[in-house]
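Thank you all for coming. Please take a moment with the sequence and the model before I begin, and then we will go through the picture step by step.

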Amino acid sequence: MVREARVLFDGLQDKDVICWNVMIDGYVQFGSPNEGLSLFKQMLRAKVKPNEATMVAVLSACAQIGALESGRWLHWYAENHGIDINVRVATSFIDMYCKCGSLEEARLVFERITHKDVVAWNSMIVGYAMHGLSDVALQLFDEMCRLGYKPTDITLIGVLNACGHSGLVREGREIFSSMARTYGIEPKVEHYGCMVNLLGRAGYLEEAYDLVKNMEVEQDAVLWGALLGACKIHGNVALGEEIAGLMMRQNLENSGTYVLLSNLYAKANNWEGVAKVRTMMRDGGVEKEHGCSSIEVNNRVHEFVAGDSWHPRSKDIHMMLEEMNAWVKAQGYTPRTDTVLHDLGEEEKEKSLGVHSEKLAMAFGLISTEPGATIRIVKNLRVCSDCHDVMKLVSKITRRTIVMRDRNRFHHFENGSCSCGDYW
């Protein structure tokens, strides 16, 4: 009830730091990080000095929206205004830097912590995992264990995710099977989810399915969704239909279930199946989550949706899109119209691809930042393969690094290639 809380907050005459912290954290915890950051700025204007709890809340807001510039400013502020950067605050900085795409700065903070706790180690391991630096994550995990730290549930989720992002099936199987014996941790649904993702993406669909059917803890929608997503990647329509049907019978379905099933049918050119799923969504009042991409420029976060024309610099953005299109086509790019999940003509499909939200954010970044500056984009959904191709080529043509965080992981595009090795 954040709105009601704000009404009470605004009615208070003398607000102390605790009151500000509670309201800021309320926004951050319940999905309004921009409002949390805005309120923090009001707090500074009101001459109320932030403390450790303020830093943790505001850094979480920066992490959620990928606001690296704001996070760096907070780091400067903490160091120059007498705020104790203890292990809790330092870990928040690690989390923020990792989620904003700067592993180097995260590692610097990590190394400066004199008395690290397991949460600090977890944050750094999870950070490397989400960037696809699986070998480094596993090395850090080994070092942590050698130094006598006892892994937690979160540690092993991070390590298994690291295996999943790089297709390290053998390593993932070994870690998962030894969890109880070696670390005294019984696998929870989250660990099973990591294994399903790892096996499914690597093409071991039947093994993943057997793992879910025989697991000793209750399955959830995320677990089945990961398996359905793997069916979509590998085009296994029969198994995908079986899983989607099971989810619907058990009332575990959500909008993502319908979208994945629709995408699975579209990939197989089964437009009748696509129409059937969309009818089910319409009749059930299920709304698809819309793609949104954001980019921070000059300490301000700009958000874009597909086909967006509301931005004040929309005309310049669309001119840059046309220029980008000419660049990449000269490099041999062919639009991946097979990824457009609508029964449209080729020309309409190409137009649809050209205005995806991540392309709009990239175009805005190109016209709004200095030549050579890194462009950092955050997307709420998985990046599509067409945008992935374009970003690789643009990074080569402009000689820029493009760092993108999508729903699953980070992609670092540099000189025509991506850190994910096209495995995502």
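Let me begin with contacts, where contact means heavy atoms within 4.5 Å: among contacts in the protein between residues at least 6 apart in sequence, 63% join residues at least 24 apart. I should say early that this is a predicted model, in which local features need pLDDT of at least 70 and side-chain atom pairs count only at pLDDT 80 or more, while totals for chains, interfaces and linings use all residues. Residues are numbered from 1 along each chain as its sequence is written, and side-chain values use heavy atoms, with hydrogens and water left out.

Turning to the overall build, the protein has 22 helices and six strands, which are DSSP runs numbered from the N terminus (H or I, at least four residues, for helices; E, at least two, for strands). The radius of gyration is 23 Å, close to the 22 Å that the globule rule gives for 424 residues, so the protein is as compact as a globular protein of that length; here the radius is taken over C-alpha atoms, and the rule is 2.2 Å times the number of residues to the power 0.38. Along the principal axes, the C-alpha trace spans about 60 × 60 × 45 Å. Of the 424 residues, 48% count as buried, where buried means under 20% relative accessible area, exposed over 50%, and partly exposed in between, with a 1.4 Å probe and protein chains only.

Next come the annotated repeats. An unreviewed UniProt entry places the feature "repeat: PPR" at residues 16–50 and 117–151, in the numbering used here, with feature names shortened, and such annotations may be inferred rather than shown by experiment. Residues 16–50 are 74% helix and 0% strand, with the end C-alpha atoms 10 Å apart, and residues 117–151 are likewise 74% helix and 0% strand, with their end C-alpha atoms 11 Å apart.

Finally, I would like to look at two single residues. Ser 38 sits in helix H3, which covers residues 33–45, and Ser 38 counts as partly exposed because its relative accessibility is 35%. Its C-alpha atom is separated by 8.8 Å from that of Ile 24, 14 residues apart along the chain.

Is Thr 155, then, buried or exposed? Thr 155 is buried, with a relative accessible area of 1%, and this residue belongs to helix H10, residues 153–166. Leaving aside neighbours within four places in sequence, Thr 155 is in contact with Val 118, Asn 122, Ile 125, Phe 141 and Met 144.
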